[in-house]
Amino acid sequence: MGSLTHHEQDGLLEDTSPKDSYLIPRNIMAEPDYIEDDNPELIKPQKLINPVKTSRNHQDLHRELLMNQKRGLAPQNKPELQKVMEKRKRDQVIKQKEEEAQKKKSDLEIELLKRQQKLEQLELEKQKLQEEQENAPEFVKVKGNLRRTGQEVAQAQES
């Protein structure tokens with residue numbers, strides 16, 4: 001009773017017999033007088049049908065939402081900032097796991113990676129040399145061919 005004011009407490013303790021009957025509300029809603037009359041000529045009001053609630057799609061969606069709520073799968077209405085922060089945290093965890101996986105690589109895997117990198121580097125160097133030779137002027141190519149033929153002739157004479 002601590003939440004009641006002093007005036008309200010006095011009203012509860014006083015005699016509750018109605019002195020002024022118009023002050024005591026019987027029903028807040030006014031009751032229609034056609035309920036008492038059984039006049040067949042009067043049309044009795046009926047509650048209007050809500051077309052949205054009677055639609056099949058609405059009923060299915062409502063049923064699905066209720067089932068999801070019971071399971072704890074209610075749609076999450078999170079603010080955008082919270083969604084972004086959670087995504088960033090997930091990405092960070094994934095990145096940490098990848099780093100840990102790289103640290104745990106065995107010696108064999110490390111050696112294989114080194115060899116693979118060396119092979120790729122050699123391949124790139126070969127491609128660069130081929131491109132340089134293809135892009136070189138014609139006289140440089142002819143000079144290279146003359147040197148090769150000159151070396152072959154010298155080797156043939158020595159043997």
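Here is a short tour of the chain, its helices and its largest pocket.

This is a predicted model, in which local features need pLDDT of at least 70, side-chain atom pairs count only at pLDDT 80 or more, and totals for chains, interfaces and linings use all residues. Residues are numbered from 1 along each chain as its sequence is written, and side-chain values use heavy atoms, with hydrogens and water left out.

The protein chain has 6 helices and 0 strands (DSSP runs numbered from the N terminus: H or I of at least four residues for helices, E of at least two for strands). Just 1% of its 159 residues count as buried, meaning under 20% relative accessible area with a 1.4 Å probe, protein chains only.

Helix 3 is worth a look, and its numbers go like this:

| Item | Value |
|---|---|
| Helix 3, residues 56–71 | 16 residues |
| Helix 3, first C-alpha to last | 23 Å |
| Helix 3, expected at 1.5 Å a residue | 22 Å |

The expected span is 1.5 Å times one less than the number of residues. Right after helix 3, glycine 72 takes a positive phi of about 90°.

Now the largest pocket. A pocket is an open set of points on a 1 Å grid over the protein atoms alone, with protein on both sides within 12 Å along at least five of seven lines; a 1.4 Å probe fits at the points, and lining residues have an atom within 4 Å of one. Its volume, the space filled by probe spheres set on the points, is about 160 Å³. Gln133, Ala136, Val140, Lys141, Gly144, Asn145 and Arg148 line the largest pocket. Helix 6 (residues 138–158) gives the most to that lining, with 5 residues.

Notes: Buried means under 20% relative accessible area, exposed over 50%, partly exposed in between (1.4 Å probe, protein chains only).
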